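Subject: Handover of a structure, with findings

Dear colleague,

Please find below the structure that I am handing over to you. My findings follow it, and I would be grateful if you read them with the model open.

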Amino acid sequence: MLSVAKELIAREIIEERLEGKTYYLKARLVADPEQIAEALDLVQEIDRKIEELNEARTRAEAALRAVERLEEEVRLAKMKADFIRKVQEEKPEEFDEVRKLLFEARASFSQGDYSGAIDAYTSVLQEGVERLECYLYRGSAYFHTGEYDKAAADFSSAIELDPFNPLAYHNRASSRVKMGELNDAIEDYGRAIELKEDYAEAYRNRGITYLKYMDDYERALSDFNRVVSLQPEDRGVYFLRGTAYGKMLKFEQAYQDYLRASEGMEADPWLYYNTGNCLLRMGRYEEAIESYTKAIEVKSDVAAFYHNRGLAYARQDLVKEALDDYNRALELGPEDGKSIVIRGFLFWKIGEKDKAIEDWQRAAQMGENRGIEFLMQLNGY
């Protein structure tokens with residue numbers, strides 16, 4: 001801008017004189033308005049070009065990140081493919097001792113022999129070869145054997161070797177969840193997602209952590225929505241999202257998600273149980289009874305299934321059916337004071353008042369006093 005100004009501005013001398021040794025000069029700066037306008041247009045054009053350059057640079061950086069993510073996905077896919085191929089194609093008799101150990105480790109892991117895989121990978125690590133694979137898969141083996149602290153340590157070692165490995169961060173996060181280190185786990189899941197934006201399993205497991213351990217249903221819902229967008233055919237995520245909706249008391253949305261999940265989870269009793277709970281809360285008692293009945297047909301030894309179906313029967317004034325279900329729920333145990341109180345009211349309703357009072361006294365010993373309070377009100381207390 002300074003150089004442009006020099007070109008536009010001229011000096012106009014108004015007065016000059018010499019008085020002894022002192023020289024006086026009086027002048028003013030003048031400029032052509034048309035030239036100034038042209039110069040401003042030029043400056044604005046330069047600004048636009050700079051802005052376009054910055055936008056182009058931003059697009060280039062985004063494209064570079066996309067390429068890096070693609071390269072990472074290719075690398076992960078190649079790693080998995082190589083792992084399977086090595087197990088299938090390698091011939092142990094052609095290996096030296098270290099290669100035999102590595103083959104044994106891979107074979108043990110692929111067959112679910114996690115203790116054997118741990119021993120074999122530990123031996124390979126002592127030889128100083130294939131360290132990244134060893135830490136990743138020995139860590140996974142430790143996870144499967146319930147040694148979560150050792151699993152997390154191995155995944156940390158893998159991260160030191162490859163700080164841009166999303167699988168290592170994801171698996172360390174899952175280990176930290178099991179260890180109760182929930183905030184660190186959330187951070188690790190986030191890092192895995194930063195490295196691989198379409199990492200559906202990381203979104204899913206972070207959502208489960210929010211849902212199951214942190215009661216943060218909004219964040220859980222956000223993560224499950226992301227999985228749905230990435231894997232819309234995955235019925236399991238609809239079950240998870242439905243559960244989040246249910247926790248948020250959005251029963252209609254939960255019910256719709258459970259319907260979507262049912263297309264691939266026909267043998268899951270908890271799907272029918274959760275669906276029944278939504279219908280019960282929505283006042284659709286006949287449908288709730290049908291759903292609880294399906295849950296019981298799949299798994300007949302869960303007290304909660306009978307308890308909630310009994311409640312739905314009671315809401316329909318089907319007292320005998322409700323009483324049968326509460327009897328069954330209490331047989332399966334553990335004894336639940338709330339169930340005993342409700343059964344007492346059912347006894348009272350059919351005129352078996354002695355059994356009702358017996359149930360309420362028994363429930364009071366467990367800290368559930370609603371039956372006793374009902375008796376006191378009847379007697380004017």
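A pocket, as the word is used here, is an open set of grid points with protein on both sides within 12 Å along at least five of seven lines. Its volume is the space filled by probe spheres set on the points. Please note also that this is a predicted model.

The chain as a whole

The protein chain contains 19 helices and 2 strands. It has 381 residues, and 41% of them count as buried. Among the contacts with a separation of 6 or more, 43% are between residues 24 or more positions apart. The accessible surface amounts to about 22,200 Å², and carbon and sulfur atoms hold 49% of that area.

The second largest pocket

The second largest pocket encloses about 290 Å³ of space. Its lining is made up of 15 residues, and those nearest the centre are Gly246, Lys247, Phe251, Asn274 and Asn277. By character, the lining comprises 7 nonpolar, 6 polar and 2 charged residues.

Which helices each supply at least two residues of this lining? They are α11 (235-247), α12 (251-262) and α13 (269-281). The largest share comes from α13, which contributes 6 residues.

Helix α5 and its two ends

Helix α5 covers residues 131-144, 14 residues in total. From its first C-alpha to its last it reaches 20 Å, close to the 20 Å expected at 1.5 Å a residue. The helix is mostly covered, with 10 of its 14 residues buried. The buried residues include Glu133, Arg138 and Ser140, as well as Tyr135, Tyr137 and Tyr142. Cys134, Leu136, Gly139 and Ala141 of α5 are buried too.

Ahead of this helix, Glu130 sits in the loop between α4 (114-127) and α5. Its phi is near 50°, a positive value in a residue other than glycine. Is Glu130 buried or partly exposed? Its relative accessibility is 32%, so Glu130 counts as partly exposed. After α5 comes Gly146, which also has a positive phi, in this case near 80°.

From α15 to α17

A further positive phi, of about 65°, is found at Asp317, although this residue is not a glycine. Asp317 belongs to the loop between α15 (303-315) and α16. With a relative accessibility of 46%, Asp317 counts as partly exposed.

Helix α16 (residues 319-332) contains Asp325. Why does Asp325 count as buried? Its relative accessible area is 3%, and a residue is called buried under 20%. Leaving aside residues up to four places away in sequence, Asp325 touches Tyr306, Arg309, Gly310 and Tyr313.

Beyond α16, the peptide bond from Gly333 to Pro334 is cis, and its omega is near 0°. Pro334 is placed in the loop between α16 and α17 (337-349).

When you go through the model, I suggest taking the pocket and then the two helices in the order given above.

Yours sincerely

Technical notes:
Residues are numbered from 1 along each chain as its sequence is written. This is a predicted model: local features need pLDDT of at least 70, side-chain atom pairs count only at pLDDT 80 or more; totals for chains, interfaces and linings use all residues. Side-chain values use heavy atoms; hydrogens and water are left out. Helices (H or I, at least four residues) and strands (E, at least two) are DSSP runs, numbered from the N terminus. The expected span of a helix is 1.5 Å times one less than its number of residues. Buried means under 20% relative accessible area, exposed over 50%, partly exposed in between (1.4 Å probe, protein chains only). On a 1 Å grid over the protein atoms alone, a cavity is a set of points where a 1.4 Å probe fits but cannot get out, and a pocket is an open set with protein on both sides within 12 Å along at least five of seven lines; lining residues have an atom within 4 Å of a point. Ala, Val, Leu, Ile, Met, Phe, Trp, Tyr, Cys and Pro count as nonpolar, Asp, Glu, Lys and Arg as charged, and the others, Gly among them, as polar. Contact means heavy atoms within 4.5 Å. Accessible areas come from the Shrake-Rupley method with a 1.4 Å probe; for residues, only the protein chains shown count as cover.
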